[in-house]
Amino acid sequence: LFHSSCGQGRDPAPELARVMSADTDSVPYWLIATPITSGYGPQDEWNNHVKKTGDGLAENYKFNVPSKDLKVGTLDSLMALSDELVRYDTMAEATTFKIYKQLAELGKEGAAFEEPTIPVERGGAVSIDEYVRTFAWDEAKYPVKSPLKELSELLITAVSRMDDELKAKSAEYASLKGSKMAIERKEQGNLMVRSLDGLVKGSDFIDSEHLTTLLVVVPKFSVKEWNNSYATLGGGATSFVVPSSSKCLAEDTDTALMTVTLFRTAVESFKTNAREKRFIVRDFEYSAEGVAADNASKVKVGADFEKTKVMFMRWCKTNFAEAYSAMLHLKAVRLFVESTLRYGVPPNFQAVLMKPKKEVCVRRWRDFFFV
C-alpha cells in the first residue's frame, strides 16, 4: 500500500496504493492518504490535494475509510498486521481477477456476458468504477468495531473460500468441457478418422455366419474405379464379393464412405487388395446398443456442460462482486494501518482515490510526490 503527503513543505512518503480496476488494460486507481496537520481540517486537505492534482494530473474522489471507528490497538499489533496485510492484499487481488478472467472467458464461449456489477448497501447494484468511487464500508458484513486482526482475517477467510470454490468449479467445468470437446472431435475430421456412428444405421449391414459388410473410404476421384473393381477385390476366381452390394453412405470434401458385402473368408484378401488401390477399409463393428449409448452419452454430456456453464457464470458474477468488495475493504484496512503507523495516533488523515491521466508523464508525478 502506498501513501503520500500532499501538503507543500511537508515530508512526503513517496508511496501509492494501487486499486486495480477490472479492465486490466485501463489506468489503475491510486489510493493515497494525506495527513491533516494542525490548524487544517479534512476539507482543507482535500481542497489542497485537488488544487495540486486537478490540473490535468488525475481525477480525485474522497475515499471513505471509517478511521474514527476502526480500532487502532497496539503499535506492535499494527506492525505485525501490516506485514500480513501485504500478503492478504495480494491474495485478494489475485482471486478477484481470476474470477473476472474466468467470467470473461465464459463470455467468449457464447454465454451471455455482461460487465459485472456490485450490490451496494443502499440498494441496487452499481458498476465497478462507481463502486470504487463511492466506496462505503459495509458494516453488516464487516463490523467496524471488531479488532483489526479479526476484521482482516474475516475478509481474507471470505476470499480464501471463494478461491477454493473457484478451483473446484473450474476443474468441474474443464472436465465437462474436455468431455464435450472429445465427443466433438470424434465427429469432426475426414472419413478416415472420424466416428462413423452417426453416419450408418443397422439396415446398412449384413451380419451372418458367412457374410459380413465392410465400410471402405474411397477418394472421390477414385469412386468410378471403385465401382468398376470392388467386386474383384476378394481374391480367387470367384472373388467372394456380393455383386451390386456397394452403396455410398456419406461424403466429405475429398472422400466417400462406401459399403461392400462379402464372404467372411475373403475379408483379409479384400483388405489387402483394396489397400493396393488406396481404398481404406475402416475397422468398424455396428452395434445398435452401442450407438444408442453413445448418442445418450453425447446428449447428457452436452446438457451437463450447458447447465454447468450457466451455473458457473452465475457463480462468477456473484462471487466477483463479493471478492471485489472484500478486496476493497482490505485495501481500506491496509490504508488505515499504514497511515496510522506513519502519521501516528489518533488517526488523522484524508484518504483520496486518484485515477491518473494516461497521458501524464512520470516526471510530473515525481515532481508532485517529492515537492
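Q: Why are helix 4 and helix 7 called roughly antiparallel to each other?
A: In this predicted model, local features need pLDDT of at least 70 and side-chain atom pairs count only at pLDDT 80 or more, whereas totals for chains, interfaces and linings use all residues. Residues are numbered from 1 along each chain as its sequence is written, and side-chain values use heavy atoms, with hydrogens and water left out. The axes of helix 4 (residues 148-186) and helix 7 (residues 288-343) cross at roughly 160° and come within 8 Å. Angles between N-to-C directions run from 0 to 180 degrees, with axes fitted to C-alpha atoms over the stretch in contact, and those over 145 count as roughly antiparallel, those under 35 as roughly parallel, 65 to 115 as roughly perpendicular and the rest as oblique. Helix 4 and helix 7 are therefore roughly antiparallel to each other.

Q: Which residues make up the contact of helix 4 with helix 7, sorted into nonpolar, polar and charged?
A: The contact of helix 4 with helix 7 has 20 nonpolar, seven polar and 11 charged residues, where Ala, Val, Leu, Ile, Met, Phe, Trp, Tyr, Cys and Pro count as nonpolar, Asp, Glu, Lys and Arg as charged, and the others, Gly among them, as polar. Ser-179 is found in helix 4, and its C-alpha is 7.1 Å from that of Val-301, although the two are 122 residues apart in sequence.

Q: What makes helix 2 roughly antiparallel to helix 7?
A: The axes of helix 2 and helix 7 come within 8 Å and cross at roughly 155°, which makes helix 2 roughly antiparallel to helix 7. The residues of this contact divide into 25 nonpolar, six polar and seven charged.

Q: What makes Ser-179 partly exposed?
A: Buried means under 20% relative accessible area and exposed means over 50%, with partly exposed in between, for a 1.4 Å probe and protein chains only. The relative accessible area of Ser-179 is 31%, so Ser-179 is partly exposed.

Q: Why does Ala-58 count as buried or exposed?
A: Ala-58, found in strand 3 (residues 58-62), has 6% relative accessibility and therefore counts as buried. Ala-58 and Pro-356 are 298 residues apart in sequence, yet their C-alpha atoms are 4.1 Å apart in space.

Q: How do you know that strand 10 is largely enclosed by the rest of the structure?
A: Eight of the eight residues of strand 10 are buried, so strand 10 is largely enclosed by the rest of the structure. Both faces are covered, with Phe-349, Ala-351, Leu-353 and Lys-355 buried on one side and Gln-350, Val-352, Met-354 and Pro-356 buried on the other.

Q: Which strands pair with strand 10 in the antiparallel sense?
A: Two strands pair if DSSP finds at least two bridges between them. Strand 2 and strand 10 pair in the antiparallel sense over six bridges, with Leu-353 as the bridge partner of Leu-31. Strand 3 is joined to strand 10 by five bridges, also antiparallel, and here Lys-62 stands opposite Val-352.

Q: What makes up the largest nonpolar core?
A: A nonpolar core is a set of buried Ala, Val, Leu, Ile, Met, Phe, Trp, Tyr and Cys residues joined through side-chain atoms within 4.5 Å. The largest has 58 residues, and those with the most contacts inside it are Phe-63, Val-65, Trp-137 and Tyr-324. Helix 7 gives the largest share of this core, 18 residues.

Q: Why do strand 7 and strand 9 each have one side without a neighbour in the sheet?
A: Four strands form an open antiparallel sheet in the order 7-8-6-9. Strand 7 (248-251) and strand 9 (280-282) stand at the edges with a single partner strand each, so one side of each is left without a neighbour in the sheet. Strand 6 (residues 211-219) is joined to strand 9 by three bridges, and Leu-215 stands opposite Arg-282.

Q: How do you know that Ser-244 and Arg-278 are exposed?
A: Ser-244 has 71% relative accessibility and therefore counts as exposed, and Arg-278 is exposed because its relative accessible area is 67%. Ser-244 has a positive phi of about 55° although it is not a glycine, and phi of Arg-278 is near 65°.

Terms used:
Helices (H or I, at least four residues) and strands (E, at least two) are DSSP runs, numbered from the N terminus.
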